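Ready for a few exercises in reading a structure? Have your viewer open, try each task by yourself, and then compare your route with the worked solution.

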Amino acid sequence: MKRERRRFLALGAGVLTGSSCKAPLQNSESGAHMRAYGDRSPHETTVRVIRELTKSPGTGSSRTPHADLFGTITPSALHFERHHSGVPAIDPAKHELLIHGLLDKPSVFTMTDIKAFPSFSRIYFLECGGNSIGDQSGNTQPDVQRSHGLLSCTEWTGVPLKTVLRDLGVKPEAKWMIAEGADAGRMARSIPIEKVLDDALLVYGQNGEALRPEQGYPLRLLLPGWEGNANVKWLHRLEFAADPAMSAKETGYYTELGKDGKAQIFTFVMEARSVITRPSGGHTITPGFHEITGLAWTGRGRITRVEVSTDGGKTWTDAALQEPVLPLAVARFRMPWEWDGTPAVLQSRCTDETGYLQPTHEEIIEVRGHFSGYHYNAIKPWRVAADGKVTHV
Amino acid sequence: MFRALLLCAVAFAQPKGRPAKPAEIEARGITVFADGRGLPSGKGRASEGAPIFKSKCAECHNDKGEGREGQYPPIAGGIGSLTSTKPLKTVGSYWPYATTVFDYIRRAMPFDHPRSLTTNEVYAVTAFVLHLNGIVGIDEEMNEKTLPKVAMPNRDGFVPDKRPDIRSKR
């Protein structure tokens, strides 16, 4: 206490001395103090854009500013959000996970119990099933943050769900697991048992520290490669059942209405897609050298190839993929480009290890119509005008 | 030496939680399935739900459940619109099961005071929301037996995942 005070006085004296000089030769060259919890430079201002969908708080989304980011990992503070009834404030000491239904030993786990399991970390992308919904319906967004910002990529830490379930005796009749959050609306989704016993995780860590509240603190479900909404946040209950719950968010929402009026239900996998993040909508470029860069990802494993076109899809060149290319994570691609100052249309397309090639907007509309909304994964063209302004097509 | 062995044994035992008590499963397990499993015993009619809706729901969803544009979702209307150029997805036009309407209202509504209604109030207001959609009569009783039998207009409107449905070529 005393020492702190003395330091303060000393600083004050320094300022006084400085201001008593007529013209200081230069600013002090000694740096700032350490900080207990770091923050970025005050010169860095990129933020998530927030869009509420109703007047009730916490029913919309905030989007990752991909045009301003590097590499493959999304900083936790910029991970996208999509909630249906806000972010609850949860005391981890009181949080419990109830596991019940068709199993021999219904159990309750505290956070201490869950963290007692050997921990497991993996880098996975997470994408909202409704990312780019506007691009499909004709409400095209002006920049990559608004059109593709419901995608992020994180190193998650937790425990494989199958490990936690090992001694609980899940019955063979259990074909579904209903996962429920402790948010105000108790959001619930039904997950097929195959995924639960494959690579589903109970997650408490995000990029090396605890989950952020808006990512489900203290515990969330993580289903690698599957639509964001099914990755239930603030997880507090898992119920094993013979049938799905047919919950509001798996019937009324996150189902894909086709041209024939029928909707596909339980469409979990996010199919392969890519997007150029720089240069992209909202940028202005000058003739000369540019690195075209962006992200590619697939819910079916690894990205094997990304091609870039600068002439609206007439010709394509392979982009370089940043190593390592991890399964179910975003891949960063890069391609050098000399812009000669004439109008251009930039776009990327990716291929994944199943051989699936990212489709065009027209191909998607022809098969699915304009209103399926979810899981839209078309090639995204950006137009570069003669004056260097980059806009969406 | 003995101590080290003991530590090893402890380190390799599967961690576990505690057994869940039947009463806490009962209290926390709120899933209502499409066949009606999980519905609590209770009852209510649209005529009883109308005043509840007026005081606890209409502020947001509007008097006839038409919602407020850009502010709150509609919970009525749109039946027959799904193949049009302006499909309107609501509880009435799109949701396949009446049990889901009950389940969702019970867990999540009213938005700002979720889980504040009694079981009979949830049955009554669910009946009223279905009535606003022309699906149940004003005096039809909704209870754990009748609700799962309500025929929703879009009951057969769902098909399994067809993807990969688009095969793009280089």
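The exercises below work through this predicted model, from chain A as a whole to single residues and then to the interface.

**Exercise 1. Sketch chain A as a whole: what are its box dimensions, and how many helices and strands does chain A have?**

Step 1. Take the C-alpha atoms along the principal axes: they fill a box of roughly 85 × 65 × 40 Å.

Step 2. Count the secondary structure, which comes to 8 helices and 24 strands.

Step 3. Turn to burial. Chain A has 393 residues, and buried residues make up 57% of them.

Step 4. Look at how contacts span the sequence. Taking contacts in chain A between residues at least 6 apart in sequence, 71% join residues at least 24 apart.

**Exercise 2. Work out which strands stand at the edges of the open sheet S1-S2-S3 of chain A.**

Step 1. Write down the order. This open sheet has 3 strands, S1-S2-S3, with antiparallel pairing.

Step 2. Find the ends. Strand S1 (49-51) and strand S3 (81-82) of chain A each have a single partner strand, so one side of each is left without a neighbour in the sheet.

Step 3. Check one pairing. Strand S2 (residues 61-63) of chain A joins S3(A) in the antiparallel sense over 2 bridges, and A:Ser62 has A:Glu81 in S3(A) as its bridge partner.

Step 4. Recall what holds such pairs together: strands of a sheet pair through backbone hydrogen bonds.

Step 5. Visit the loop between S2 and S3 of chain A, where A:Gly71 is found. With a relative accessible area of 19%, A:Gly71 counts as buried, because the cut-off is under 20%. Beyond its neighbours within four places in sequence, A:Gly71 is in contact with A:Leu295, A:Gln322 and A:Arg332.

**Exercise 3. Decide whether A:Ser274 is buried or exposed, and trace its surroundings.**

Step 1. Locate the residue: A:Ser274 lies in strand S16 (residues 273-278) of chain A.

Step 2. Consider the strand. In S16(A), 5 of the 6 residues are buried, so this strand is largely enclosed by the rest of the structure.

Step 3. Follow the strand to its partner. S16(A) pairs with strand S17 (residues 288-297) of chain A in the antiparallel sense over 5 bridges; in S17(A), A:Gly294 is the bridge partner of A:Ile276.

Step 4. Read off the burial of the residue itself: A:Ser274 has a relative accessible area of 0%, so A:Ser274 is buried.

Step 5. Look for polar partners. The side chain of A:Ser274 makes a polar contact of 2.8 Å with the side chain of A:Ser348, and a polar contact of 2.7 Å joins the side chains of A:Ser274 and A:Gln358.

Step 6. Complete the surroundings. Leaving aside neighbours within four places in sequence, the contacts of A:Ser274 include A:Leu295, A:Trp297, A:Phe333 and A:Cys350.

**Exercise 4. Explain why helix H5 (residues 98-108) of chain B is described as largely enclosed.**

Step 1. Count the burial: 10 of the 11 residues of H5(B) are buried, so the helix is largely enclosed by the rest of the structure.

Step 2. Name some of them. Among the buried residues are B:Val101, B:Phe102, B:Asp103, B:Ile105 and B:Arg106.

Step 3. Ask what does the covering. The cover includes strand S8 (176-181), strand S9 (188-192), strand S13 (235-241) and helix H7 (248-251) of chain A, together with helix H6 (119-132) of chain B.

**Exercise 5. Describe the interface: how many residues of chain A and chain B are in contact, and how many salt bridges are there between the two chains?**

Step 1. Begin with the residues. 71 residues of chain A are in contact with 53 residues of chain B.

Step 2. Add the area: the two chains bury about 5,100 Å² between them, 55% of it on carbon and sulfur atoms.

Step 3. Tally the polar side. There are 7 salt bridges between chain A and chain B, and one of the salt bridges joins the side chains of B:Arg37 and A:Asp243 at 2.7 Å, N to O. Polar contacts across the interface come to 27 residue pairs.

Step 4. Sort the side of chain A that touches chain B: 30 nonpolar, 19 polar and 22 charged residues.

Step 5. Finish with the strands. Strand S5 (residues 107-110) of chain A and strand S1 (residues 18-19) of chain B pair in the antiparallel sense over 2 bridges, with A:Ser107 opposite B:Pro19.

Note on methods. Residues numbered from 1 in each chain as written. Chains lettered and ligands numbered in written order. Predicted model: local features only at pLDDT ≥ 70, side-chain atom pairs only at ≥ 80, totals over all residues. Heavy atoms only, no water. Contact = heavy atoms within 4.5 Å. Buried area = accessible area lost by both parts, 1.4 Å probe. Salt bridge = Lys/Arg side-chain N within 4 Å of Asp/Glu carboxyl O. Polar contact = N/O pair within 3.5 Å; in protein donor to acceptor, adjacent residues only side chain to side chain. Nonpolar A, V, L, I, M, F, W, Y, C, P; charged D, E, K, R; others polar. Pairing = 2+ DSSP bridges. Helix = DSSP H or I, 4+ residues; strand = E, 2+ residues; numbered from the N terminus. Buried < 20%, exposed > 50% of the residue type's maximum accessible area, 1.4 Å probe, protein only.
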